[in-house]
Amino acid sequence: MKNLDRLVENRARSLAKRTSRRCLLASLGQLLTGAALLPLLPIDRTARAQEPARPSADEQNCQYWKYCAIDGFLCACCGGTSTSCPPGTQSSPITWIGTCHNPTDGRDYIVSYNDCCGKVSCGDCFCERNEGEKPMYRLSRNNDVNWCMANSESNYHCSVSVILGVAEK
Ligand code: ABN
């Protein structure tokens with residue numbers, strides 16, 4: 001142990017002889033600046049951006065509670081998720097709105113069913129629940145409508161369901 005103490009002491013003394021305090025502080029400053037700038041270096045992060053969406057099994061199940069008033073292909077089966085359109089499609093600004101009961105917390109939620117537009121129909125996971133739907137003669141209460149009609153690309157691809165808030169009693 002004594003030998004180790006002596007070795008460390010000798011090394012420290014010889015370092016102190018060779019370097020001034022100013023030099024030591026400058027090196028320390030350089031080291032800290034380098035460490036701080038490291039995250040700013042141009043690292044290729046595109047791999048993350050191109051990762052495909054990973055929807056949960058619930059989102060791909062037509063019986064999922066928030067799909068209670070949907071009529072269309074589930075975007076979670078078409079390259080998107082239950083809340084995001086698949087790449088290459090755009091969300092419709094006009095939508096069909098439903099009120100669904102969440103059995104987990106016992107509350108009712110307002111859900112917006114936006115169509116994703118710009119590609120031919122997805123064709124997977126067709127889901128038709130229609131809770132609260134009225135016949136077509138009341139267009140505003142019917143969900144069998146292509147909401148892509150207001151988009152520049154009016155092809156219907158799939159539907160997402162976005163929770164807007166808790167429904168007040
Ligand atoms: N809102 C879904 C949909 C799209 C096209 C035709 C019928 C229903």
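A residue is called buried here when its relative accessible area is under 20%, exposed when that value is over 50%, and partly exposed in between. By that criterion, buried residues account for 30% of the 169 residues in the chain. I should state at once that this is a predicted model.

Let me begin with the overall architecture. The chain contains three helices and six strands. Followed along the sequence, these elements give the pattern α-α-α-β-β-β-β-β-β.

I turn next to the ligand. Which residues surround the ligand? They are Asp71, Asp115, Asn143, Asp144, Val145, Asn146, Trp147 and Tyr156. Sorted by class, this shell comprises three nonpolar, two polar and three charged residues.

Two contacts to nitrogen atoms of the ligand deserve attention. In one, an N or O atom in the side chain of Asp115 is 2.9 Å from a ligand nitrogen. In the other, the protein contributes backbone rather than side chain: a backbone N or O atom of Val145 lies 2.7 Å from a nitrogen atom of the ligand. As for coverage, the ligand taken alone exposes 250 Å², and the protein buries 80% of that area.

Let me now move to helix 1, which spans residues 2-18 and includes Leu4. Together with Leu7 and Val8, Leu4 makes a nonpolar surface patch of about 270 Å². Why does Leu4 count as partly exposed? Its relative accessibility is 46%, and the partly exposed class lies between the limits of 20% and 50%.

Helix 1 also carries a charged pair. In general terms, side chains of opposite charge can pair when their charged atoms come close. How many salt bridges does the structure hold? There are two.

One of them joins the side chains of Arg13 and Glu9, with an N to O distance of 3.1 Å. Arg13 and Glu9 are four residues apart in helix 1, so about one helical turn separates them. Glu9 is partly exposed, because its relative accessibility is 40%.

Another salt bridge is formed by Asp105 with Arg107, and here the closest N and O atoms are 3.8 Å apart. Asp105 counts as partly exposed because its relative accessibility is 36%. Arg107 is likewise partly exposed, with a relative accessible area of 44%.

To close, I return to the ligand in this predicted model: Asp115 approaches a ligand nitrogen through its side chain, whereas Val145 does so through its backbone.

Methods. Residues are numbered from 1 along each chain as its sequence is written. This is a predicted model: local features need pLDDT of at least 70, side-chain atom pairs count only at pLDDT 80 or more; totals for chains, interfaces and linings use all residues. Side-chain values use heavy atoms; hydrogens and water are left out. A residue is near a molecule or strand if one of its heavy atoms lies within 4 Å of it. A polar contact is a pair of N or O atoms within 3.5 Å; within protein, one must be able to donate a hydrogen and the other to accept it, and residues adjacent in sequence count only if both atoms are side-chain atoms. Accessible areas come from the Shrake-Rupley method with a 1.4 Å probe; for residues, only the protein chains shown count as cover. Ala, Val, Leu, Ile, Met, Phe, Trp, Tyr, Cys and Pro count as nonpolar, Asp, Glu, Lys and Arg as charged, and the others, Gly among them, as polar. Patches are made of residues with over 30% relative accessible area and no salt bridge: like charges are joined within 9 Å, nonpolar side chains (Val, Leu, Ile, Met, Phe, Trp, Tyr) within 5 Å. A salt bridge is a side-chain nitrogen of Lys or Arg within 4 Å of a carboxyl oxygen of Asp or Glu. Helices (H or I, at least four residues) and strands (E, at least two) are DSSP runs, numbered from the N terminus. Buried means under 20% relative accessible area, exposed over 50%, partly exposed in between (1.4 Å probe, protein chains only).
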